[in-house]
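Here's a quick tour of one protein model, written for someone who likes cut-offs spelled out. Have the coordinates open as you read.

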Amino acid sequence: MTTVYVNGKFLAQRITGVQRSAWQWLLALDELLAEEEPPNESWVLLHPAGVVCPALRAIRCLAVGRARPRSLHWWEQWSLPIAARGELLVTLSGSAPWLARAQVVTMHDAAVFDHPQAYAPTFRWWYRHLFRHLARRARRVLTVSAFSRQRLLATLPLAEHRVAVVPNGSDHLAGVRADPQTLARRGLQPGRFVLVVASANPTKNLSRLVEAFGRLPAELGLALVIVGGSDDKVFATHSSAGDGHAVRRTGPLDDAELKALYGAALLLAVHSIYEGFGLTGMEAMDCGCPVLAAR
């Protein structure tokens, strides 16, 4: 029986949209494999030692090496392909190992080519070279939307039959209980704040929204709540110096807090200049939150 390995780097990362997709695809894949009788392959999730592996029915977990958050890149590039032993390796999020021979990889978008100015120079250089290399060598490329597929085909040396679309969903929040203390902790009132869930990537267009929000009459009594993290090693530098008193940046939040904000916000603003999919808009609507979106 052949073995298929899954890149478990995302288990050691903070959850953003990319890691969210990987988690949900892994769980769905495990359910599909559990229904196979008899199984056609043996599936193994390779992950750094020290992280908690999810309870899976058909996919076996195997710890490989040890990677701290700052060394995950080297774990993926060296320890992972060695452990995969030349067998098929499936990566469900972000980057993938340069040296692995047989791969299925996931590219969520072509933003590093379409909006290179949004990324830090070293990250931009590495990802552009890596994506071109993977496009030539990977057996299959997965992406999350017809738009992303179109841009990847236009940017990379890929034949159409090698790129498949696996759309995202929003049912991952269905089983989450909203944290009832979230609004009180943040000093927020239901229906009195506009919500943004976005990283500090310049393509998210946060500075323009903050500028526009600052033009609203103060007597409206609205707050602008921005949820999301930043990473100067990935994105071009940004500043919150223009934030007014009504702008509140929470940093990353867990699902229970996020669901509480979705359920109480006046609306979610999705004002990005570029999105591979736009997962937060779907999450918000699934929680009953209206969405104001740019094209």
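## The parallel sheet

Two strands count as paired if DSSP finds at least two bridges between them. Helices (H or I, at least four residues) and strands (E, at least two) are DSSP runs, numbered from the N terminus. On that footing, strand S11 (residues 267–270) runs parallel to S12, joined to it by 3 bridges. Across this pairing, alanine 269 sits opposite leucine 292 in S12.

Before going further: this is a predicted model, where local features need pLDDT of at least 70, side-chain atom pairs count only at pLDDT 80 or more, and totals for chains, interfaces and linings use all residues. Residues are numbered from 1 along each chain as its sequence is written, and side-chain values use heavy atoms, with hydrogens and water left out.

## Helices on the sheet

Zooming out, 5 strands make an open sheet with parallel pairing, in the order S10-S9-S8-S11-S12. Strands S10 (247–251) and S12 (291–293) are at the edges with a single partner strand each, so one side of each has no neighbour in the sheet.

Helix H9 (residues 279–286) packs on the sheet, touching S8, S11 and S12; touching, or contact, means heavy atoms within 4.5 Å. The direction of H9 makes about 170° with that of S11, with axes fitted to C-alpha atoms (for helices, over the stretch in contact) and angles running from 0 to 180 degrees between N-to-C directions. Helix H7 (residues 206–213) lies across S8, S9, S10 and S11, at about 165° to S9.

## Helix H4 and its aromatics

Helix H4 (residues 121–137) has 17 residues and reaches 25 Å from first C-alpha to last, close to the 24 Å expected, that span being 1.5 Å times one less than the number of residues. Its buried residues include Leu130, His133 and Leu134, where buried means under 20% relative accessible area, exposed over 50% and partly exposed in between (1.4 Å probe, protein chains only).

Phenylalanine 123 and tyrosine 127 form a stacked aromatic pair, at 4.2 Å centre to centre and 25° between the planes. Rings of Phe, Tyr and Trp (its six-membered ring) pair if their centres lie within 6.5 Å; planes under 30 degrees apart are stacked, over 60 edge-to-face, the rest tilted. These two residues are 4 apart in H4, so about one helical turn separates them. Both are buried, and they belong to one aromatic cluster with Tyr119 and Phe131.
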